[in-house]
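This report goes through selected features of one protein model, with attention to a helix, its surroundings and the enclosed spaces.

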Amino acid sequence: MTDTLSSKLPNNLLDRVKIVLVNTSDCRNIGSAARAMKTMGLSQLVLVDPIEMPNGQAQALAAGATDVLANAKVVSTLEEAIEDCGLVVGTSARSRTLPWPMLEPRGCGEKMVSEASEYPVALVFGRESSGLTNEELQLCHFHVQIPANPEYSSLNLAMAVQTLSYEIRTSYLLAHDQNYQERSTGNGTDISKATSEDDELFPVVEETERFYQHFEEALKATGFIVPKHPGLVMTKLRRLFNRARPDVKEVKMMRGILASIERTAKNNK
């Protein structure tokens with residue numbers, strides 16, 4: 001892949017970027033988020049189990065972005081919202097007990113644009129008061145944190161959507177710039193590279209989740225995980241593999257290894 005991504009970007013690349021809002025409590029925030037999205041050229045809004053569905057108040061705050069609001073997809077779970085995505089980035093306002101691979105906002109935009117040419121990607125925002133749960137964050141490949149003023153870091157939902165949508169648009173415009181010279185300033189991926197080093201695609205979330213389920217079953221079969229006391233084994237393995245980002249062929253190879261382990265464990269019983 002020696003040419004720049006600009007020659008490979010589909011015209012509707014930004015339509016492959018999902019903004020996912022989880023369990024939003026105030027529909028006015030949904031309307032404001034829709035407006036923030038449209039100003040940056042984003043249109044794919046997904047609402048996960050909203051407490052208050054968009055109504056007239058949301059439409060008023062959406063202003064000229066009522067089309068984004070009207071076309072929003074509503075689902076019950078985060079898993080359903082991201083199952084077809086090859087890259088999922090979750091917003092996190094604070095450090096967690098178990099550190100996860102982190103991106104800066106600029107790197108987040110670069111990585112989103114880099115990989116959206118191959119499959120849908122998702123940027124996930126949590127509840128207004130408490131953000132995303134640890135379980136929801138573990139469904140994400142990376143976390144992103146906006147480096148706000150530590151003495152007053154309170155960003156409302158629409159502000160956060162606006163800030164990160166801007167970074168996505170900036171990276172999208174750079175990728176279309178014919179004079180683009182690998183001007184990466186974040187910790188994302190070179191925008192001219194949309195796949196892994198051997199040009200293999202990354203698996204979508206649905207495939208990755210099957211891999212984790214298979215891994216857990218194999219570890220239980222060998223006795224490494226005790227069902228009554230599973231501990232943090234799978235959480236730590238998720239962090240390990242999210243950091244490594246195995247591609248499709250590597251995941252298939254790992255599942256073949258797991259199947260072999262399961263057969264050996266079964267024969268030794």
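Arg245 has a positive phi of about 50° and sits just after helix H9. The model is a predicted one, and the phi value, like the other values here, is computed from it.

Helix H9 itself covers residues 233-244, 12 residues in total. Its first and last C-alpha atoms are 17 Å apart, close to the 16 Å expected at 1.5 Å a residue. Met234, Thr235, Leu237, Arg238, Phe241 and Asn242 are the buried residues of H9. Viewed down the axis of H9, these buried residues fall within an arc of 160°, so they line one face of the helix. The face turned away from that buried side carries Arg243 and Ala244, which are exposed. On the buried side, the packing partners are helix H8 (205-222) and helix H10 (248-267).

The surroundings of H9 also include enclosed space. How many cavities of 30 Å³ or more does a search of the whole structure find? The search finds 2. The table sets them side by side.

| Cavity | Volume | Residues from H8 | Lining by class |
|---|---|---|---|
| Largest | about 90 Å³ | 3 residues | 7 nonpolar, 4 polar and 1 charged residues |
| Second largest | about 60 Å³ | 4 residues | 4 nonpolar, 4 polar and 2 charged residues |

The lining of the largest cavity consists of Gly86, His141, Phe202, Pro203, Thr208, Phe211, Tyr212, Phe241, Asn242, Arg245, Pro246 and Val251. H8 and H9 are the elements that give two or more residues to this lining, and the largest share comes from H8. Arg245, the residue with the positive phi, is one of the lining residues of the largest cavity. Phe241 and Asn242, buried in H9, also belong to that lining.

Around the second largest cavity are Gln138, Leu139, Cys140, His141, Val205, Thr208, Glu209, Tyr212, Arg238 and Asn242. H8 and H9 each supply at least two residues here, and H8 gives the most. Asn242 is listed in the lining of the largest cavity and also in that of the second largest cavity. Arg238, a buried residue of H9, is part of the lining of the second largest cavity.

Another helix, H7, spans residues 157-175. Its 19 residues should span 27 Å at 1.5 Å a residue, and its end C-alpha atoms are 27 Å apart, which agrees. Buried residues of H7 include Leu157, Val161, Leu164, Ile168, Tyr172 and Ala175. Glu167 is also buried in H7. The buried residues of H7 pack against helix H1 (27-39) and helix H5 (105-116), and against strands S1 (17-22), S4 (87-91), S6 (121-125) and S7 (142-144).

Is Gly64 buried or exposed? Gly64 counts as exposed because its relative accessibility is 57%, over the 50% cut-off. It lies in the loop between helix H2 (56-62) and helix H3 (66-70). Ala34 is 30 residues from Gly64 in sequence, and the C-alpha to C-alpha distance between Ala34 and Gly64 is 9.3 Å.

For the protein as a whole, there are 10 helices and 7 strands. Of its 269 residues, 47% are buried. Among contacts with a separation of 6 or more, 84% are between residues 24 or more positions apart.

Technical notes:
Residues numbered from 1 in each chain as written. Predicted model: local features only at pLDDT ≥ 70, side-chain atom pairs only at ≥ 80, totals over all residues. Heavy atoms only, no water. Expected span 1.5 Å × (residues − 1). Buried < 20%, exposed > 50% of the residue type's maximum accessible area, 1.4 Å probe, protein only. Arc of directions from axis to C-beta. Contact = heavy atoms within 4.5 Å. 1 Å grid on protein atoms, 1.4 Å probe; cavity = no way out; pocket = protein on both sides within 12 Å on 5 of 7 lines; lining within 4 Å. Points joined across faces, edges and corners; volume = space filled by probe spheres on them. Nonpolar A, V, L, I, M, F, W, Y, C, P; charged D, E, K, R; others polar.
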